Number of protein chains: 2
Amino acid sequence: MWVYIRDLKNYVGKEVELRGWVWRSRSSGKIAFINMRDGTGIVQVVVEASSVDEETFKNTRKLRMESSLIVKGIVKEEQRAPGGVEIHATHVTPVQIPSEDFPINKPDHSIEYLMDHRHLWLRSRRQMHILNIRDTVLKAIRKFYWENGFIQVDTPIFTGAIGESAGNLFKIDYFDYGKVYLAQTGQLYLEAACMALGKVFNLGPTFRAEKSKTRRHLIEFWMNEAEVAYYEHEDNLKLQENLVSYIIKYILENASEHLHALNRDTSKLEKIEPPFPRITYTEAVKLLQKKGYDIEWGDDFGGDEETEIAKQFEKPVFVTHYPRKAKAFYMQPDPENPDVVLCDDLIAPEGYGEIIGASQRIHDYDLLVERLKEFNLPVEAYDWYLDLRKFGSVPHSGFGLGIERTIAWIAGLEHIREAIPFPRTLYRVHP
Amino acid sequence: MWVYIRDLKNYVGKEVELRGWVWRSRSSGKIAFINMRDGTGIVQVVVEASSVDEETFKNTRKLRMESSLIVKGIVKEEQRAPGGVEIHATHVTPVQIPSEDFPINKPDHSIEYLMDHRHLWLRSRRQMHILNIRDTVLKAIRKFYWENGFIQVDTPIFTGAIGESAGNLFKIDYFDYGKVYLAQTGQLYLEAACMALGKVFNLGPTFRAEKSKTRRHLIEFWMNEAEVAYYEHEDNLKLQENLVSYIIKYILENASEHLHALNRDTSKLEKIEPPFPRITYTEAVKLLQKKGYDIEWGDDFGGDEETEIAKQFEKPVFVTHYPRKAKAFYMQPDPENPDVVLCDDLIAPEGYGEIIGASQRIHDYDLLVERLKEFNLPVEAYDWYLDLRKFGSVPHSGFGLGIERTIAWIAGLEHIREAIPFPRTLYRVHP
C-alpha cells in the first residue's frame, strides 16, 4: 500500500510502499541507509543485504542524490528518528538514476545560480518549509474571510481603468480594442462589488512595472484586498488587526514545525494580537526627525524610515492620517483636518516594512470629481467608478495586504523572492 | 447594534440596525414598505406613520430604488416573509438618494447594455446568486485539496516558456529583457513543484488571446490545475471524478438556496457521483459518425460534437486516448497503442462542454525531446522543463479545470460571461 511519509506513524509494524526521491544515501559493507523524501517529509530507510534480494541491494548502492525510487518495507518505531519511525526495506526499486550530479548540492551556491535552478532548488528542505508556510498563510487568509461572512470576488487582470498612477502599469495590445493595462489593484472593482454583496475580498496576482531592485519588491506579486460597505476608518483598522492576528495565530498552530526548521524565533510572533499600536503620520515624522532623519512633513517614507518606526514597537504599527497629496486620489479626507486622509499603512515589526495599505474611500460624488481633477486624472476614464457615488453611495473602506511581504516577515526571510514559488524580478522571468 | 439581514432570525423581538439599499419600495397613506437589501439577503421593512417621527416618515416616502439607508427597528416573526422575519421600523435615515433612475430597472435590457453596466448589474438578485455560487465553488475546490493533502503552489503569469501553442499567447514588453508571455497554463511549473512537494494545485487567472466569440469562451478566465508525482492515467481519472463530485456535493449542501433561486433543476446535479462513464476517443468518433456527424479519426471535437457525446450520459463523461497528433507534445503515449495518448477530456452533461483537460505527462527525457521536435517546438526554450526528466524523473499526471465553465454548468447559465464578476471577452474590457 502506497503511503506518504507524513502518515507513517499510523503504520508502525506494517509493510508499506513509499514513492519518492533520495535525499541523502550512504552504505558500508552489508548495510545501506537512504534518507528518502516524498514531499511530505523525510524518513530513513535501512537496507540490509541479509534482508533483501541481491538485485535490490545492488540497486541500492547505485542510488545517488535525487534518484527517484519506490521502497517497500516495514515501519519500525525509532525514537531517535525525526518522525519517530524508520523503514526496514524489503524491496527497493529505482525509478530513475540521474547520470549527473544534482545541481543543488553545495551550501554556498550564489543566489543567481539558485534562481537559475529554481525548478530544482524547490526540492531543498528550506524551500519546502517556505512553500508550506506560504500555503498555510493563504489558508489562514481564506479561513478568516469565510468565518467573517466575506464573499470572494475575483477582480480582473485586464483593465482599461487606472488604479493609482499610470507610470507603473504594464501595457498590452488587446485585439482591435487598443491598449489595456495589467491590474495594479482590484480595489475599484471591489468597491463596485461591496455595494452588491456587503463584504468582499480577492486574492491573486498583481503587477507593477517598477524598476525597483530592493529585497521588498517583486514585479509580479500576490495581494489580498478586502472592501466593506458602511465600514469607516476605525472599522477598517479593526478588520486589519484581526486579520493579521488571525494569520499569525493560525500559522503558530499549524505550521510551527516549518518555522522552527527555518530557525524563526516564534516568541516574537506570539506577541502579535490586537490591539496594534497606532501613530499618525505627523507623529511619525516628528519621531524620525528626533532620530536624525532628514525628512519633512509631506515626504513619503522609504524602507529605512519604516524600519525605524517599526523598531519602536513589538507589534505591527498603524501609521495613519497621511498628507492628502502623498496618497491616492480616492482617500476620504479627515473631517477634522482636510489636509490629511483617513488612511493607514501597517508596518510589520523587525524591519519587514509595509504589509498593508488601507483607507476609507471618498463616497461623495462631487468631492471625488474634484480630487480626480486635483490629481490630473482623466475623469471620463472613471465613468463607472463615479456611478458608484451616484446610485446609493455609502461610506466604505478597504485595504490591500502584500502576500510575499507577509510571508517574508512570518518566516523571517531576508528577501521576498524566496516567498513565492517562481519569482519575477527586474531581470528574471526564467524559469 | 448593526446586524446583517442573513442573521436576523437570531434577533427576533430585539431592536437592530440595518445598513443597506432599497430594493423596492411602496407607500400608501400612513404606511410604507421597503424591501431592503444589504448583500446578505432581503427583508421587508414596515414603516408606519404612527410609529415613527414625522421626519422619518417623510424621508421614507422620498426613497427610490438603490437609495442607501440605515434602518432601526424591531425584528418580528412573519411566517409569510422569505426569511421568516420582517422589521418594524423605529427610525429610517437615508444615506444617499439617487437623483436619477437606477439604470438596471427593466426585465428586458439588452446584454450589451447590462454588460456596459456590469458594476451596477452585480446588484441584481440573479447576479448576487451567481456570485454566491461562484464563491461556494471556489471554496469547495480548496477544501477538496486541503482534505487530500495538496499544497497550493501559485504559478507565475509572466513566463518565457510556452505552454501549448504560441499563437494564442498575449505578448508583453518586460523591461530590457524583451518579450514575455502571459501564462496560458501553470502546468509546467506545477510539474516542477510536484517533484518537490508530491501533490500540488493552483487556482487563478489564465489568458488566451483567442478570437473566439462562443458562449464557452472568455479571454481571461480562472483555472484550477493539479499535478501529482507518481500518479498515472488511472489515478488521474479518479482524482478528477472525486474533485468534481466533491464540488457538486458541497454546492448542493451549501448553496442550494442560490441554485433554486436561479430555477436550477438540482435533481440533475444529485446524480453526479463516482464513477463517471468513460469512452475512448475512437469510440466517440464512431458514435458521432453513427449520428451523422462529418468527422474522421484524427479530427478534434467542436462544441456540437461535445454536446452530442454528453447527451448519451447523465454524468460527466471522460473521453480518453485522443490521437497523439491532436494533443499537446507532453502527453504520455499509450503503451498499447503509441498513436494515442494517456489523456482525457471531461465533458459536462447538458451541453456545457469540456470542463477538464488532463493527461499523464511524458517522463522519459529522450521521448520528450523527440516530441518537442515532432511538434516543431524550440527545444532550448524547454531547458528547465527537460531538467525534470534528468533528475529523478517519475511518472506524473495532472489536469486543468475551467472555473467559469464549471460554474455555468452548476448554475445552469447559458453563457459563461455571467460566471465571472467582470468578464473579458473579445470586445469587452470595460468596466
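**Exercise 1. Helices, strands and burial in chain A**

Task: State how many helices and strands chain A has, and what share of its residues is buried.

Solution. Step 1: Chain A contains 13 helices and 18 strands, where helices (H or I, at least four residues) and strands (E, at least two) are DSSP runs numbered from the N terminus. The model is predicted, so local features need pLDDT of at least 70 and side-chain atom pairs count only at pLDDT 80 or more, while totals for chains, interfaces and linings use all residues. Residues are numbered from 1 along each chain as its sequence is written, chains are lettered from A and ligands numbered from 1 in the order in which they are written, and side-chain values use heavy atoms, with hydrogens and water left out.

Step 2: Chain A has 431 residues, and 60% of them count as buried. Buried means under 20% relative accessible area, exposed means over 50%, and partly exposed lies in between (1.4 Å probe, protein chains only).

Step 3: The C-alpha trace of chain A spans about 85 × 55 × 40 Å along its principal axes. Of the contacts in chain A between residues at least 6 apart in sequence, 66% join residues at least 24 apart; contact means heavy atoms within 4.5 Å.

**Exercise 2. The two domains of chain A**

Task: Give the bounds of the domains of chain A and describe what lies between domain 1 of chain A and domain 2 of chain A.

Solution. Step 1: The assignment for chain A gives domain 1 (5-96) and domain 2 (118-418); such bounds come from an automatic or database domain assignment. The C-alpha centres of these two domains of chain A are 46 Å apart.

Step 2: In chain A, 5 residues of domain 1 are in contact with 4 residues of domain 2. The two domains of chain A bury about 420 Å² between them, 59% of it on carbon and sulfur atoms. Buried area is the accessible area (1.4 Å probe) that two parts lose on being put together, summed over both.

Step 3: Between domain 1 and domain 2 of chain A the count is 1 salt bridge, that is, a side-chain nitrogen of Lys or Arg within 4 Å of a carboxyl oxygen of Asp or Glu. A:Arg123 and A:Glu66 meet in a salt bridge at 2.8 Å, N to O. On the side of domain 1 of chain A that touches domain 2 of chain A there are 3 nonpolar, no polar and 2 charged residues. Ala, Val, Leu, Ile, Met, Phe, Trp, Tyr, Cys and Pro count as nonpolar, Asp, Glu, Lys and Arg as charged, and the others, Gly among them, as polar.

**Exercise 3. Chain A against chain B**

Task: Describe the interface of chain A and chain B by its contacts, area and salt bridges.

Solution. Step 1: 98 residues of chain A are in contact with 98 residues of chain B. About 8300 Å² is buried between chain A and chain B, and carbon and sulfur atoms give 65% of this area.

Step 2: Across the interface of chain A and chain B there are 4 salt bridges. One of the salt bridges joins B:Glu100 and A:Lys390, with the closest N and O atoms 3.4 Å apart. Helix H4 (residues 125-147) of chain A gives the most to the side that touches chain B, with 10 residues. That side of chain A has 54 nonpolar, 17 polar and 27 charged residues.

Step 3: A:Lys139 lies in helix H4 of chain A. Not counting residues up to four places away in sequence, A:Lys139 touches A:Tyr250 and B:Trp146. A:Lys139 counts as buried because its relative accessibility is 17%.

Step 4: A:Lys390 also forms a salt bridge with A:Asp387, with the closest N and O atoms 3.9 Å apart. A:Lys390 is partly exposed at 26% relative accessibility, and A:Asp387 is buried at 13%.

**Exercise 4. Two salt bridges in chain B**

Task: Place the salt bridge of B:Arg361 and B:Glu227 and that of B:Arg324 and B:Glu374 in chain B.

Solution. Step 1: Side chains of opposite charge can pair when their charged atoms come close. The closest N and O atoms of B:Arg361 and B:Glu227 are 2.8 Å apart. B:Arg361 is in strand E17 (residues 353-361) of chain B and B:Glu227 in strand E11 (residues 220-229) of chain B, 134 residues apart. B:Arg361 is buried at 3% relative accessible area, and B:Glu227 is buried at 1%.

Step 2: B:Arg324 and B:Glu374 meet in a salt bridge at 3.0 Å, N to O. B:Arg324 lies in the loop between strand E13 (317-320) and strand E14 (333-334) of chain B and B:Glu374 in helix H11 (residues 365-374) of chain B, so the pair ties together parts 50 residues apart in sequence.

Step 3: B:Arg324 is buried at 16% relative accessibility, whereas B:Glu374 is partly exposed at 32% relative accessible area. Salt bridges that share partners join B:Arg324, B:Asp339, B:Glu370, B:Arg371 and B:Glu374 into one network.
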